[in-house]
Amino acid sequence: SKEDVKVRIAHGLYSKKVAAIYLNLFDLASRLGHFVPNAAKIHRRYLIIGWFVVLGGFIGFLIGVWQTPEPKYFLLLWAGLMVVGYVIVKIAAYVPIRSQTGRQELARFLAFRDFINDKPMPENWNLDTFFEYLPYAWAMQFHQSLAQLFSVKPFHRPRWYFTHKKLSTTTEFVADLEPLVEFVAESFASVREKTLV
């Protein structure tokens with residue numbers, strides 16, 4: 001329940017575990033070749049280079065203010081260098097970290113999302129298929145489309161989900177589960193941000 005999650009997060013029981021889970025998942029994906037090795041170091045290197053360029057431009061600008069003869073057009077070079085450094089810092093976070101394999105895997109997930117959104121459901125799909133695909137759909141933010149696709153199938157609440165509501169379709173199930181999933185995801189994300197520095 002939400003109360004359990006709040007209590008555990010308040011007592012700090014999740015922080016190290018959640019951080020370890022994020023790191024382990026990223027390490028696993030990296031070992032599978034989905035991400036460029038040492039992506040964090042690459043981003044950090046761009047940030048350091050960007051800030052050094054900004055600092056160098058700033059120091060050059062200050063020295064130029066006192067040392068450069070009139071007219072001080074040469075100061076535009078140092079101001080431009082600061083702007084370039086700032087742009088490097090800003091785009092450092094957008095340096096691609098997915099490898100070719102990672103881009104292909106992402107394309108497969110996106111193709112699956114498009115398939116769910118655009119196609120009628122295959123005849124051999126049943127409720128087990130819905131529960132098998134639901135985590136992927138939730139991760140890719142098309143869980144509502146998946147629930148809508150399976151809404152014509154007979155539904156029974158899974159054993160692992162407890163509620164007092166009578167859920168008769170997959171759309172009702174996803175709508176009932178969504179607030180809890182979003183709350184847990186936001187809570188875990190906030191814990192991760194505090195522990196993964």
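A residue counts as partly exposed when its relative accessible area falls between the buried limit of under 20% and the exposed limit of over 50%. Leu106 is a handy place to apply this: its relative accessible area is 27%, so Leu106 is partly exposed. Leu106 is found in helix H5, and the model that holds it is a predicted one. Setting aside neighbours within four places in sequence, Leu106 is in contact with Arg98 and Met140. Leu106 and Met140 are 34 residues apart along the chain, and their C-alpha atoms are separated by 9.9 Å.

From this one residue, the view can widen to the whole chain. The protein chain contains eight helices and zero strands, and its elements read α-α-α-α-α-α-α-α from the N terminus on. Of the 197 residues in the protein chain, 27% are buried. The accessible surface of the chain comes to about 13900 Å², and carbon and sulfur atoms account for 63% of that area. Among contacts between residues at least 6 apart in sequence, 66% join residues at least 24 apart.

How far the coordinates can be trusted varies along the chain. The average pLDDT is 78, with 83% of the residues scoring at least 70. Confidence is highest in helix H4 (residues 75-91), at a mean of 90, and lowest in helix H1 (residues 2-10), at 60. Over residues 192-197 pLDDT stays under 50, and the model has six contacts beyond four places in sequence for this stretch. Where pLDDT is low, predicted coordinates should not be read in detail.

Attention turns next to the interior. In soluble globular proteins, nonpolar side chains tend to be buried together. The largest nonpolar core here has 21 residues, and those touching the most other members are Ile116, Phe130, Leu134, Leu146, Phe173 and Val174. At least two residues of this core come from each of helix H5 (100-118), H6, H7 and helix H8 (170-195). H6 gives the largest share, six residues. Phe173 offers a good close-up: beyond residues up to four places away in sequence, Phe173 touches Phe130, Phe131, Leu134, Phe155, Pro158, Trp160, Tyr161 and Leu167.

Nonpolar side chains also appear on the outside. A surface patch is formed by Ile48, Phe52, Leu55, Phe58, Ile59, Leu62, Ile63, Val65 and Trp66, which together have about 890 Å² of accessible area. One of these, Val65, is found in helix H3 (residues 39-67). Val65 counts as partly exposed because its relative accessible area is 33%.

Side chains of opposite charge can pair when their charged atoms come close. The count of salt bridges comes to three. In one of them, Arg108 pairs with Glu105, and the closest N and O atoms are 2.7 Å apart. Both residues lie in helix H5, three residues apart, or about one turn of the helix. Arg108 has a relative accessible area of 55% and is therefore exposed, whereas Glu105, at 24% relative accessibility, counts as partly exposed.

Another salt bridge joins Arg113 and Asp114, whose closest N and O atoms are 3.8 Å apart. Arg113 is partly exposed at 27% relative accessibility, and Asp114 is partly exposed as well, with a relative accessible area of 36%. The remaining pair is Asp176 and Lys165, whose side chains meet at 2.8 Å, N to O. Asp176 lies in helix H8 and Lys165 in the loop between H7 and H8, so this salt bridge ties together parts that are 11 residues apart in sequence. Asp176 has a relative accessible area of 14% and is therefore buried, whereas Lys165 is exposed, with a relative accessible area of 53%.

A last detail concerns the backbone. Most residues other than glycine have a negative phi. Gln141 is not a glycine, yet its phi is positive, at about 65°. Gln141 is found in the loop between helix H6 (127-139) and helix H7 (143-149). With 54% relative accessibility, Gln141 counts as exposed.

How values were computed:
Residues are numbered from 1 along each chain as its sequence is written. This is a predicted model: local features need pLDDT of at least 70, side-chain atom pairs count only at pLDDT 80 or more; totals for chains, interfaces and linings use all residues. Side-chain values use heavy atoms; hydrogens and water are left out. pLDDT is the predictor's confidence in each residue, from 0 to 100. Helices (H or I, at least four residues) and strands (E, at least two) are DSSP runs, numbered from the N terminus. Contact means heavy atoms within 4.5 Å. Buried means under 20% relative accessible area, exposed over 50%, partly exposed in between (1.4 Å probe, protein chains only). A nonpolar core is a set of buried Ala, Val, Leu, Ile, Met, Phe, Trp, Tyr and Cys residues joined through side-chain atoms within 4.5 Å. Patches are made of residues with over 30% relative accessible area and no salt bridge: like charges are joined within 9 Å, nonpolar side chains (Val, Leu, Ile, Met, Phe, Trp, Tyr) within 5 Å. Accessible areas come from the Shrake-Rupley method with a 1.4 Å probe; for residues, only the protein chains shown count as cover. A salt bridge is a side-chain nitrogen of Lys or Arg within 4 Å of a carboxyl oxygen of Asp or Glu.
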